[in-house]
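Work through the two exercises below with the structure in view, and try each task before you read its solution.

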Amino acid sequence: MAVYVKETVRELVRKAVEAYMSEQTEDTITPAQIKKPLITLLLSYQSTDPNNILKAVTEIKSSFQVRIVASKEWEELLEGEEGILSLDSADYQELQSLWTSTDLLILPVASFQLVSKLALMLDDDKVTKTAIQFQLLGKPVVIANNEVELGVYQQILATHSVQEKLQGYMRTTQKDQVKWVPLNKLVRTAKEQHQLYKDKHPLVLSKHIERASRENVKVVRVPKNSKISPVAKDMAREMKIQISKE
C-alpha cells in the first residue's frame, strides 16, 4: 500500500509541475517571439482604391515579416513606413537579394500589362522580372485581381476576342501557379501558399548534377527537405560536387 501511495503522489507531483511549466511558457511567449515568414510585397501599379490597398498592407504586415518594394507614388502614400526599397532606384543585386532571401511574393495591385507579361514570360521591367524570378525559384506568387477583373459594363461592351485574350492569359499564369485572388482573400491565400511551399520536397536528379558540373558549380544548395536520388548522390560524389541542404 505504501508503495502505491508513493507512486500516486509522485505522479500527481509530476503532472502539477508539467502544468505549471506549461502555463509559464504560454505566459512568457509573446506574438513578437513567434517567427513570421519573410516575404516580399511589391507595390507598383496604380489603384482605383489606394486606401483599401494600404489597409491590406497593414493586414499583411500583421501576418508576415515584410520587405516592401514600392514605386515613388506608393512610397509617398506609405509615408512614415521604414525600410522601403525604392523600385525606381533598386539595382539588380538588391532585387536578387529579395528573390533569394524571401519565401513568397505578394502584389496587392495588378494591371493588364502584368497579366500579359507574366503569361508570355516577358521580364523587361523590374516588376515582371521579380515575379518571374520567384516563379523560377519555385516560390509562390499571390496577386490581387481587383484591378484586372472585368466589370459588368466591360463584360457587356468588350469584344469577345478581348475577353477571351484576357481569360487565356489568366489561365496561363494560373497553370504557372500564380494565384489571383480578391484583395480581401490575399492574406489567407498567401498563408496557404506559403505552407504548401514549405511542405514541398524538391527532387535532385542526376541531370541536375550534370548541369552543375557543366556550369562548374561545386556546391549545389537546395532546401533542407529536398530529396536526392541515389544516382544523383553517386554522381555528385564522383564529380566532387557537394549537395548542401539549407
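Two strands are said to pair if DSSP finds at least two bridges between them. Keep in mind throughout that this is a predicted model.

**Exercise 1.** Determine how strands E2 and E3 pair, and then place them in the order of the sheet.

*Solution.* Start with the two strands themselves: strand E2, residues 65-70, and E3 pair in the parallel sense over two bridges. To locate one partner, look at Ala70, whose bridge partner in E3 is Ser86. Next, widen the view to the open sheet, which has six strands in the order E3-E2-E1-E4-E5-E6, with parallel pairing. Its edge strands are E3 (85-86) and E6 (178-181), each of which pairs on one side only. Finally, add helix H2 (residues 50-63), which packs on the sheet and touches E1 (38-43), E2 and E4 (105-107), while its direction makes about 170° with that of E1.

**Exercise 2.** Describe how helices H5 and H6 pack, beginning with the angle and the distance between their axes, and then name the residues that make the contact.

*Solution.* First, take the geometry: H5 (residues 112-120) and H6 (residues 126-136) pack at an angle of about 45°, with their axes 10 Å apart. The two helices are therefore oblique to each other. Then consider the handedness, for H5 passes H6 in a right-handed crossing. The contact is made, on the side of H5, by Leu114, Lys117 and Leu118, and, on the side of H6, by Val127, Thr128, Ala131, Ile132 and Gln135. Sorting the residues of this contact by class gives five nonpolar, two polar and one charged.

Note on methods
Residues numbered from 1 in each chain as written. Predicted model: local features only at pLDDT ≥ 70, side-chain atom pairs only at ≥ 80, totals over all residues. Heavy atoms only, no water. Axes fitted to C-alpha atoms, helices over the stretch in contact; angles between N-to-C directions. Helix = DSSP H or I, 4+ residues; strand = E, 2+ residues; numbered from the N terminus. Parallel < 35°, antiparallel > 145°, perpendicular 65-115°, else oblique. Left-handed = near helix turned anticlockwise from the far one by under 90°. Contact = heavy atoms within 4.5 Å. Nonpolar A, V, L, I, M, F, W, Y, C, P; charged D, E, K, R; others polar.
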